[in-house]
Amino acid sequence: MQSVKIKSALISVYYKDRLEPLVELLKQHNVTIYSTGGTQAFLEEQGAEVVAVEDLTAYPSIFGGRVKTLHPKVFGGILHRRANESDLAEREQYEIPPIDLVVVDLYPFEETVASGASEADVIEKIDIGGISLIRAAAKNFQDVLIVSSREQYDEVVELLQTKDGATELADRKRFAAKAFDISSNYDTHIFNYLSKEQDIHVFKQSVREATPLRYGENPHQQGTFYGKLEDLFEQLNGKQLSYNNLVDVDAAVALGAEFEEPAVAILKHTNACGCATGETIKEAYLSALSTDPVSAFGGVIIANRTIDLGAAEELNKLFFEVLIAPDFDADALELLRTKKNRILLKQKPVELPAKQFKTLLNGVIEQDKDLKTETEADFKTATKRAPSAAEKKALVFAAKVCKHTKSNTIVLATDKMMISSGVGQTSRVDALRQAIEKAKSFGFNISNTVMASDAFFPFPDCVEIADQAGIKAVVQPGGSIKDQDSIDYCDAHNMAMVMTGVRHFKH
């Protein structure tokens with residue numbers, strides 16, 4: 001297994017916390033330690049004897065610390081091959097001491113960017129010496145152990161304790177793989193920062209946090225979530241989120257963000273089966289539930305206000321998978337926790353990415369997130385009759401829900417609630433008919449509702465069917481070569497139609 005006893009180590013880290021147990025262990029094994037600057041001072045405070053890199057190289061740290069370890073005596077000590085006679089001869093010739101362990105913690109580039117620091121400060125956090133040390137030690141894993149993150153300290157301490165200060169080839173290779181994960185992730189974030197304003201069409205993403213899921217979309221598919229869910233949610237109750245839960249939660253968060261007034265949306269398979277606003281969350285929830293109480297069973301629910309006891313008492317009557325809210329009153333939380341598997345998520349105010357991507361065929365497609373939401377100011381009246389003030393409010397509401405519903409879609413709504421929808425149909429006519437029949441099946445009178453379409457009407461058949469059902473106001477993007485046919489029908493039947501010029505396909 002090619003066991004290597006660690007006799008010398010180079011330690012150069014940005015963060016000094018959690019390093020003490022490793023330093024203590026190296027002291028116990030009489031390991032020669034080389035270090036620089038602040039790390040050297042910290043190690044000496046821990047009682048370690050340290051050889052300054054400047055003494056090793058006979059060269060000072062220069063350019064404000066930009067160049068410290070970039071020297072043949074450092075990299076030669078790491079990269080020379082212990083089984084290569086020529087390398088060993090050169091090492092002796094140039095008096096280069098071997099380095100068996102490299103411990104590096106890179107400058108915090110991602111954290112500096114996230115802090116909103118100036119470009120000058122961000123650039124100074126691009127690590128050069130550290131990343132070079134990582135790559136050099138990882139390349140020579142046959143002879144050298146690389147510890148590339150403070151997250152690895154506990155593991156390496158346990159390893160060295162178990163193996164009496166030595167490592168085996170499999171250990172070093174495993175840590176080398178982790179090192180190249182660290183370095184590639186680091187470089188990806190630097191590239192994405194520098195390329196924001198550049199015309200460089202390269203897809204690079206690196207997410208190191210992985211959560212294995214129970215399974216994927218179906219039990220025979222494996223699934224993993226890559227990301228930091230804890231940055232967005234605090235889970236207050238329930239089992240682990242599943243793949244399908246996460247897909248629905250993503251859709252719920254996007255729809256919930258559309259409303260400023262108290263609102264509740266109930267989603268099933270990423271589509272809203274209920275969505276409403278109200279004076280209170282309880283009122284909004286009851287309205288949303290009334291749209292389709294059958295589909296609401298087992299759904300994902302999002303509210304944009306604190307869940308109080310009144311709302312919780314109503315919610316508790318329904319079986320649902322996930323409830324998302326910005327907060328929960330203590331008594332409401334106590335009641336909702338009576339179902340141990342019910343997932344309760346407290347949503348944190350986090351800015352979400354403005355890009356979306358997914359795998360497709362043998363590659364990846366990426367797009368800007370659909371952040372356009374139409375208001376009354378975006379409506380361009382195409383018909384002789386303009387919508388009334390009440391109809392305009394209803395059209396805005398319907399358009400919001402329609403934007404987040406699978407194409408082809410039609411949404412029927414009032415100014416405060418979705419009445420029904422037709423989703424994911426192969427024709428817009430089928431979507432409309434589905435919406436009308438669904439509304440009728442739950443006892444709604446749709447003569448006072450409005451209609452929203454995610455894309456234009458290629459023929460006047462949709463406005464004709466809507467008119468016959470009693471719908472008198474419509475919002476759609478427009479843009480069909482036969483728009484005038486739909487306009488003419490509306491004018492002949494006293495219907496109001498507004499166009500937005502914005503299509504909202506959602507596949």
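In this predicted model, strand 11 and strand 12 form a hairpin in which 2 residues lie between the two strands, and H269, which sits in the turn, has a positive phi of about 55 degrees. The two arms of this hairpin pair in the antiparallel sense over 6 bridges, and one point at which the pairing can be followed is L267, whose bridge partner in strand 12 is A272.

Strand 11, which covers residues 263-268, also pairs with strand 13 (residues 300-303), again in the antiparallel sense, here over 4 bridges. On that side, A265 has I302 of strand 13 as its bridge partner. Strand 11 is mostly covered, with 5 of its 6 residues buried. As a general point, the strands of a sheet pair through backbone hydrogen bonds, and the pairing may be either parallel or antiparallel.

These strands belong to an open sheet of 6 strands, whose order is 10-15-14-13-11-12 and whose pairing is mixed. At the edges of the sheet stand strand 10 (233-237) and strand 12 (271-277), each of which pairs on one side only. When direction is ignored, neighbouring strands of this sheet are turned against each other by 20 degrees on average. Across the sheet lies helix 12, made of residues 243-256, which meets strand 10, strand 11, strand 12, strand 13, strand 14 (322-325) and strand 15 (343-347), and which runs at about 30 degrees to strand 13.

Turning to another part of the chain, the reader comes to helix 4 (residues 72-79), where V74, F75, G76, G77 and I78 are the buried residues. What covers these buried residues of helix 4 includes strand 2, helix 3 (53-57), strand 5 and helix 8.

Several of those elements return at the second largest pocket, which holds about 460 Å³ of space. Of the 25 residues that line this pocket, the closest to its centre are G65, R66, K68, Y107 and D127. Two or more lining residues come from each of strand 2 (8-13), helix 2 (37-45), strand 5 (101-105), helix 7 (119-124) and helix 8 (129-139). Strand 2, strand 5 and helix 8 can therefore be followed in both places, since they are among the elements covering the buried residues of helix 4 and also give two or more residues each to the lining of the second largest pocket. By character, the residues of that lining divide into 9 nonpolar, 10 polar and 6 charged.

Notes: Residues numbered from 1 in each chain as written. Predicted model: local features only at pLDDT ≥ 70, side-chain atom pairs only at ≥ 80, totals over all residues. Heavy atoms only, no water. 1 Å grid on protein atoms, 1.4 Å probe; cavity = no way out; pocket = protein on both sides within 12 Å on 5 of 7 lines; lining within 4 Å. Points joined across faces, edges and corners; volume = space filled by probe spheres on them. Nonpolar A, V, L, I, M, F, W, Y, C, P; charged D, E, K, R; others polar. Buried < 20%, exposed > 50% of the residue type's maximum accessible area, 1.4 Å probe, protein only. Contact = heavy atoms within 4.5 Å. Pairing = 2+ DSSP bridges. Axes fitted to C-alpha atoms, helices over the stretch in contact; angles between N-to-C directions.
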